[in-house]
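User: Could you take a close look at one part of this model for me, the place where the two chains meet? I'd like to know what that surface is made of.

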Amino acid sequence: MSSYPLLSLAVWIPVAAGFAVLATGADRNAALARRIALAGAALGFLVTLPLYAGFDTARSGMQFEEIHAWIPHFNARYHLGVDGISLLFVILNSLVTVFVILAGWKAVENQVAQYNAAFLIMSGLMNGIFVALDGLLFYVFFEASLIPLYLIVGVWGGPRRVYAAIKFFLYTLSGSLLFLVAILYLFARSGSFAILEWHLLPLALHEQVWLFIAFLVAFAVKVPMFPLHTWLPDAHVEAPTGGSVVLAAIALKLGAYGFVRFSLPITPDAAHELAWLMIALSLIAVVYIGFVALAQTDMKKLVAYSSISHMGFVTLGFFMMSALAIEGALVQMISHGFVSAAMFLSIGVLYDRMHSRQIADYGGVAHTMPKFAALFMLFAMANAGLPATSGFVGEFMVILAAVQFNFWVAFAAASTLILGAAYTLWMYKRVIFGAVANDAVRALADLSGREYLILGLLALCVLGMGLYPQAFTEVMHVSVNDLLQHIALKKY
Amino acid sequence: MFENFAAPNLLPAAPEIFLLFMVCLILLVDLGVRSPRRDLTFMLTQATLAVSALLTLWYAAADLMPFAPGEPARAMLTFYNMFIADLLGSFLKALVCLAVMASLAYSRRYLEERSSIPQGEYCVLALFATLGMMVMISANHFLSLYLGLEILSLSLCALTALQRDSVTASEAAMKYFVLGALASGMLLYGMSMLYGVTGSLEITEVAEQVHAMRGMPTNKTVLAFGLVFLVAGLAFKLGAVPFHMWLPDVYHGAPTSVTLLIAAAPKLAAFVMVIRLLVGGLSSLFADWQSMLMLLAVLSMGLGNFVAIAQQNIKRMLAWSAIAHMGFMLLGLASGVVRGGNRYIALEAYTASLFYMVTYVLATLAVFGLIMLLSRRGFESDELDDFKGLNQRSRWFAAMMLIMMLSLAGIPFFVGFIAKFAVLESVVISGHYWLAVLAVLFSLIGAFFYLRVIWLMYFDEADKNAAPIEASFADRTLLSVNSVLVAAIGIFPQFLLNACGYVLARSF
């Protein structure tokens, strides 16, 4: 084990880099701001690599722990640590930040420093969410990370950005405020904010049900689960490309992560009682939202709905509560992080050139952008869950677990393989294939070196994870088994 | 001839006596000052406030020694028990002096540009208001409490009316005076009821008498009757719904510098008044006042947050937000008493309220200070639209306002979050879960209008004809320090929480 406070570095390096970028001042230093931002993001990613290398996959419990006094008045501590569940998200988040900074290199012209700073600070705060083991610290990161995203959507977004930003903020805030009451209740019961102590706290069933509902509202908004999902398409459509990428790849994972860190271990009996509700909501998300995605004419909106549908798989996996299902759900989260990031970046590539997201404005892009068409094809296939891509692994594991759980659940879940293929590939066909639709498409230039680098790296991730998923599952194995053993025991 | 006369110990009241002496001196000195900027008057005023704060702290320093629990506190009463100088009082008096100093520093240029406000008198009245607050804070007797309250109210009323050519200011002053008199009347009526039952005007004496009378049905009715009027008077002074009507008009109508004087420091004095009367004096009646405070709190948070959404003027918006914040603060006071009367939990709750008040004042100072720095001669910069595109005009000012709005909305890393958190914690610990849920729902509604200011600043385009923003280095430094404090205490609140808890623990 390393003696460096790696987790603190992973949280605070991006934040510090963000403030350094802000200090470069106005737009006349834009080039400098971009370079500092990229250096900060890259450094932030590099410090997360020793986490993976030094992680002991055979050990249960938290690793790389850091504990310091923070606010003794509330018995709240600065307590960081990762287990097999959170480790991968820290790395994913730090990696995506690098892509986001690169993606905004040319596309963002105004207030460059503030743009890059917002992403860096957000990246640090989101790492904080994944590694915080103190309830108050978690909440602070959880809510503070709304601010940069609110500004990103509102300042650099599309025409209806104000509406989308406010909607996003108020939806998520409403969830997290109930979560605040829930953690205060847990504090009142246990006298501590240590999440790991809450896991062991005996709670009566009715208490658990109330807590579970409070957690549910907070995390269901974030995931987002049907019927609390309506903010997401608005936010995605209006957000700049980088904002959409972070939103889909990382922000949605926060809610799902909350379920495994809070709902399942703290209120296991309520989770068993209400699993039917969660499974029903997840299946509605998978099937109904899949159909909704089919009807979209806006590419970003289509991918946004497809994200909701894919996240339905994640919550479905969690609440079937078997090792295969939960690991499948976690793999699906990571995979969706890569695939949705790649999809939004690809759409960003088109949008930067055409300034349109309407499918109807495109057609025959393959003739003018062959390299792009090839990569986009891979990502579309991954989104549809083609074997050998990362999208397949998680979905397959969850469906397999569902068959063991209940045939009809599996049947409904498996419909995603058809629906996902339908909406993704139909969109791909209309945008990429066919005759060249208009002069604007004819004038398109293929990928620049920078874009090629970003998409190429993501293609490697998608393929790598599809071909060798064990690198991901072996990390989470012990933690998931511990979690299952824990939630099998009654708490009251 | 004077055998019955014992000279009172003047030492505990040294800051007040010094302040009074200096006010008279400054009034005389100002007659000789010719320069329109009146630098000398200003310097003397600030120095006076600083020395008063230091004197307060110097007197309090002797109390800071560690003490064994149960050991009687050092006698700090003087003037025949009318005046008390305990740690709570000293702490808040020092803070009041600092808050008034900051208010005056922020107002410096604002006042220079408005020649219709006589500046010498402005300083003197501000000092008198400070004196009133200090007397209020140190009152251990209904009469001295009332005396302090009236010194404060009359000075602030005169300050509001000081801009003689402004119709809105005159209207605001009138409203402040009439409604303030009504509130004082209620307060006095409640006090007279209590006097009628207990035969004493001294708060500690009243507390003992009321405690001894538990279970006597007839007295209970009169006591509860008096308590209702007392709480109504206090709610008036705090600006809690349904006694809030003066607040938006006064905040809006008064010159911004006076709004700041009204909005910041007096809240601290009002807090002490509430805690001395209800917690110190009438804790035996908690079953009665607890539910009153809860009702006031819920109504204030509800109405304040809803109506603030509809405002176009930022001063009016902040007035409604102040009403909502007072409601939140009252929640802490109301949840201080729990079944079984656990002193530790009660102290936690009062600590949360005090912390809330102190940090609210800190953020308020910066917000109104910023509005004043953005204003120009003939331009008040108090409409919400004046903040449009502020980020394009000045990134620094926009960032400062961003911090304040997020802090007031209770978003973490800023101190407003910790304050709300502390209050909610005591509400939940006292078992009022639904109250906590209501409070967070109202905060959610409240978040909207703070977010709107951010959206105006960051998302909207700036008006091309807007005057360039210029602020002196000193003003910028003051505002920066203020904002950094809001952020720093938000991340490391332990020191201030400890200080609040300690002074309360030593005083009750």
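**Where the chains meet**

Analyst: Keep in mind that this is a predicted model. Chain B and chain A bury about 3600 Å² between them, and 79% of that is on carbon and sulfur atoms. On the chain B side, Arg395(B), Phe421(B) and Phe459(B) supply 20% of the area buried against chain A, more than any other three residues. Counting by residue, 40 from chain B are in contact with 41 from chain A.

What about the polar side of things? The rule finds zero salt bridges across the interface of chain B and chain A. There are, however, six residue pairs in polar contact between the two chains, with both partners at pLDDT 80 or more.

Now for the pieces of chain B that do the touching. The elements giving two or more residues to this side are helix 14 (343-374), helix 15 (390-393), helix 16 (395-409), helix 17 (415-429), helix 18 (433-458) and helix 20 (494-507) of chain B. Helix 18 of chain B has the largest share, with 13 residues. Sorted by class, the side of chain B that touches chain A comes out at 30 nonpolar, seven polar and three charged residues.

So, in short: the buried area is 79% on carbon and sulfur atoms, the chain B side has 30 nonpolar residues, and the link between the chains includes six residue pairs in polar contact but zero salt bridges.

Conventions. Residues are numbered from 1 along each chain as its sequence is written. Chains are lettered from A and ligands numbered from 1 in the order in which they are written. This is a predicted model: local features need pLDDT of at least 70, side-chain atom pairs count only at pLDDT 80 or more; totals for chains, interfaces and linings use all residues. Side-chain values use heavy atoms; hydrogens and water are left out. Contact means heavy atoms within 4.5 Å. Buried area is the accessible area (1.4 Å probe) that two parts lose on being put together, summed over both. A salt bridge is a side-chain nitrogen of Lys or Arg within 4 Å of a carboxyl oxygen of Asp or Glu. A polar contact is a pair of N or O atoms within 3.5 Å; within protein, one must be able to donate a hydrogen and the other to accept it, and residues adjacent in sequence count only if both atoms are side-chain atoms. Helices (H or I, at least four residues) and strands (E, at least two) are DSSP runs, numbered from the N terminus. Ala, Val, Leu, Ile, Met, Phe, Trp, Tyr, Cys and Pro count as nonpolar, Asp, Glu, Lys and Arg as charged, and the others, Gly among them, as polar.
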